[in-house]
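Please look at the ligand site before reading on. My notes on it follow as numbered points.

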Amino acid sequence: RILLTTVLNLQRESIKGIAITVQDITREVELNEAKSQFISNVSHELRTPLFNIKSFIETLHDYGEDLSLEQRQDFLQTVNHETDRLTRLVNDVLDLSKLESGRNYNFDRVDLAQAIEQTLRTYQLNARDKGIELIQEVAPSLPFVVGNYDLLLQVLANLVGNALKFTQAGGQVAIRAYQLDPKPKSHNQSSQVRVEISDTGIGIAQEDQQAIFDRFFRVENRVHTLEGTGLGLSIVRNIMERHRSKVHLVSEVGVGTTFWFDLTLFDEEPSIKVVEPTAE
Ligand code: ADP
């Protein structure tokens, strides 16, 4: 009987082992599929600007003498725009793959007020050119949070950049940051700082509000042709996952959008240094 029990136990163990292996393989297959899908999307996205650049340069080369100065300048400007688009795309793809590569980022004490200030300085001119009011409402003596300064700067830049892109002249874009009410210690929850980026822009329909975080997803609309890669929000989501946080949004078409996320206070959890990457 002892022998039989041992055999049964061994079998059970090995069945458990097989089940785990099958699960691992499924995950690997899913990851590989996601990767091939990504590569195929990237190739597709790269092809368009490359094709445009090549066509315009060929035309300039073959028929340049037949074109007026104005036409030639027009062509060169298109080539220039397409090169910018290509650069943005390559930069975004590199950022995303770096984030997903499992590389460890250093998490430390971050002065969010400074990051917000820096972001607003970067976008000040852009907002003024577009006739959009940039508003900053940062609570005085905002506490430090745990994070990676450069990554958080990128989140702010992507969200403020989008807010400006999808808001018309005369509109407003605001960044707010404030400490949430501290939770009682007994609930084992740290208090947090909330950051909100809101705009009075075109808004996002309910049915698109999840999909906008997918790579290359862009809502079909008049503004679609504007500069953009469809990767910005995937990068934002990924960075927030690294901070063990989530990006939320509320939006109404024609009224505006608010994206928000929470970050942990530095004092509460100074031990966070490395956050495991999450694979999609
Ligand atoms: P993109 O490079 O196109 O901005 P993102 O991933 O940053 O890519 O955003 C995906 C899509 O989500 C955008 O193309 C746009 O349709 C929508 N979107 C993002 N932010 C806003 C916003 N603040 N207002 C309206 N639509 C937005």
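1. The shell around the ligand divides into 10 nonpolar, seven polar and three charged residues. Here Ala, Val, Leu, Ile, Met, Phe, Trp, Tyr, Cys and Pro count as nonpolar, Asp, Glu, Lys and Arg as charged, and the others, Gly among them, as polar.

2. This is a predicted model: local features need pLDDT of at least 70, side-chain atom pairs count only at pLDDT 80 or more, and totals for chains, interfaces and linings use all residues. Residues are numbered from 1 along each chain as its sequence is written, and side-chain values use heavy atoms, with hydrogens and water left out.

3. In total, 20 residues surround the ligand, each with a heavy atom within 4 Å of it. Asn-162, Lys-165, Arg-218, Thr-229 and Leu-233 are the closest.

4. Look next at polar contacts (pairs of N or O atoms within 3.5 Å). A ligand oxygen lies 2.9 Å from a side-chain N or O atom of Lys-165. For the side chain of Arg-218, the distance from a ligand oxygen to an N or O atom is 2.8 Å. Thr-229 uses a polar backbone atom, 2.7 Å from an oxygen of the ligand.

5. Which elements give two or more residues to the shell around the ligand? They are helix H4 (149–165), helix H5 (232–242) and strand E7 (256–264). Helices (H or I, at least four residues) and strands (E, at least two) are DSSP runs, numbered from the N terminus. H4 gives the largest share of the shell, three residues.

Definitions and conventions:
Polar contact = N/O pair within 3.5 Å; in protein donor to acceptor, adjacent residues only side chain to side chain.
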